[in-house]
Number of protein chains: 2
Amino acid sequence: MRISKELAKGSNGMLVLSVLEKGDKYGYLIVKEIANLSDNVFSMNEGTLYPILHSLEKEGYLEAYWVEAENMRKRKYYRITEKGRKELAAQKTEWKSYSTAVEKVLGYV
Amino acid sequence: MRISKELAKGSNGMLVLSVLEKGDKYGYLIVKEIANLSDNVFSMNEGTLYPILHSLEKEGYLEAYWVEAENMRKRKYYRITEKGRKELAAQKTEWKSYSTAVEKVLGYV
DNA sequence: AATAATACCTAGATAGTCAAGGTATCAAGG
DNA sequence: CCTTGATACCTTGACTATCTAGGTATTATT
């Protein structure tokens with residue numbers, strides 16, 4: 001992250017779920033997608049991403065499957081589950097509540 | 001915090017600076033002020049606040065002084081310094097950048 | 001042949017927050 | 001008078017998300 005690491009804490013899981021809601025992706029591509037969508041404000045570290053993916057899978061929010069076509073590196077794709085979609089919705093609600101509260105304290109609202 | 005603790009990481013220092021920008025306050029009152037302004041979304045733990053205050057003071061962003069009037073508990077007031085105001089401005093800019101980036105990834109923008 | 005990009009991963013350190021506790025004063029209610 | 005709750009300061013130990021830094025391997029480019 002270009003952004004101070006601490007600000008980001010807690011939002012990365014949500015960001016991962018969010019890009020996967022729009023279609024299955026493999027790890028490396030998730031990093032690129034988050035960088036692109038954020039206009040390169042975020043550049044998620046791989047050492048951050050993979051533990052998050054494993055944790056989200058363990059919680060049942062994601063399912064993984066390997067794709068191994070010819071002339072292509074092996075890629076581990078992730079698909080968001082129904083449980084994952086619900087979790088994402090909850091986290092988005094929480095994000096709204098959090099960011100609104102911050103802006104109230106800052107005097108923006 | 002009612003908000004998941006991780007989301008809050010990194011923003012608390014900014015919130016403290018922000019409420020002090022509007023006038024000197026002592027620790028206990030800072031907690032109340034942040035709770036009030038955020039409509040009780042935030043309820044900062046004292047175990048979180050005091051280390052933050054000490055750290056901000058150490059960095060030169062705050063200055064402390066005791067007030068000990070009659071019929072009153074001893075209160076340790078904090079005043080934001082010029083350096084603190086600059087830091088706050090920088091953190092507000094970073095917050096804007098961060099929250100905008102999150103909302104871009106979430107597809108709100 | 002060397003380098004950069006792709007693609008997966010882990011281990012140890014760092015740092016912010018929390019829960020839980022301590023100390024002490026004051027006001028209100030029983 | 002005594003207990004309770006609010007005020008007001010603080011510290012310690014645990015938790016956990018992230019980072020830095022490393023590892024392995026393949027493919028494309030120069």
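**Close-up 1. α4(B) at the surface near DNA strand D.** In this predicted model, α4(B) contributes four residues to the surface near DNA strand D, the most of any element. The surface residues comprise ten charged, eight polar and six nonpolar ones.

**Close-up 2. The residues around DNA strand D.** DNA strand D is surrounded by 24 residues. The closest come from both chains: A:Asn45 and A:Thr48, with B:Tyr26, B:Tyr28 and B:Arg75. Of the strand's atoms within 4 Å of the protein, 67% are part of sugar or phosphate. The rest belong to bases.

**Close-up 3. Polar side-chain atoms beside the phosphates and a base of DNA strand D.** B:Tyr26 places a polar side-chain atom 2.7 Å from a phosphate oxygen of DNA strand D. For B:Lys76, a polar side-chain atom also lies by a phosphate oxygen of the strand, at 2.9 Å. A:Arg73 meets a base instead: an N or O atom of its side chain is 3.1 Å from a base oxygen. Elements giving two or more residues to this surface are α1 (5-8) and α4 (46-58) in chain A. In chain B they are α3 (27-37), α4 (46-58) and β3 (75-80).

**Close-up 4. A:Val16 in the largest nonpolar core.** This core holds 56 residues. A:Val16 and B:Val16 have the most contacts inside it. Beyond its neighbours within four places in sequence, A:Val16 touches A:Ile30, A:Ile34 and A:Met44 among others. Its further contacts include A:Leu49, A:Ile52, A:Leu53 and A:Leu56. In soluble globular proteins, nonpolar side chains tend to be buried together.

Conventions
Residues numbered from 1 in each chain as written. Chains lettered and ligands numbered in written order. Predicted model: local features only at pLDDT ≥ 70, side-chain atom pairs only at ≥ 80, totals over all residues. Heavy atoms only, no water. Near = heavy atom within 4 Å. Polar contact = N/O pair within 3.5 Å; in protein donor to acceptor, adjacent residues only side chain to side chain. Nonpolar A, V, L, I, M, F, W, Y, C, P; charged D, E, K, R; others polar. Core = buried A, V, L, I, M, F, W, Y, C linked by side-chain atoms within 4.5 Å. Buried < 20%, exposed > 50% of the residue type's maximum accessible area, 1.4 Å probe, protein only. Contact = heavy atoms within 4.5 Å.
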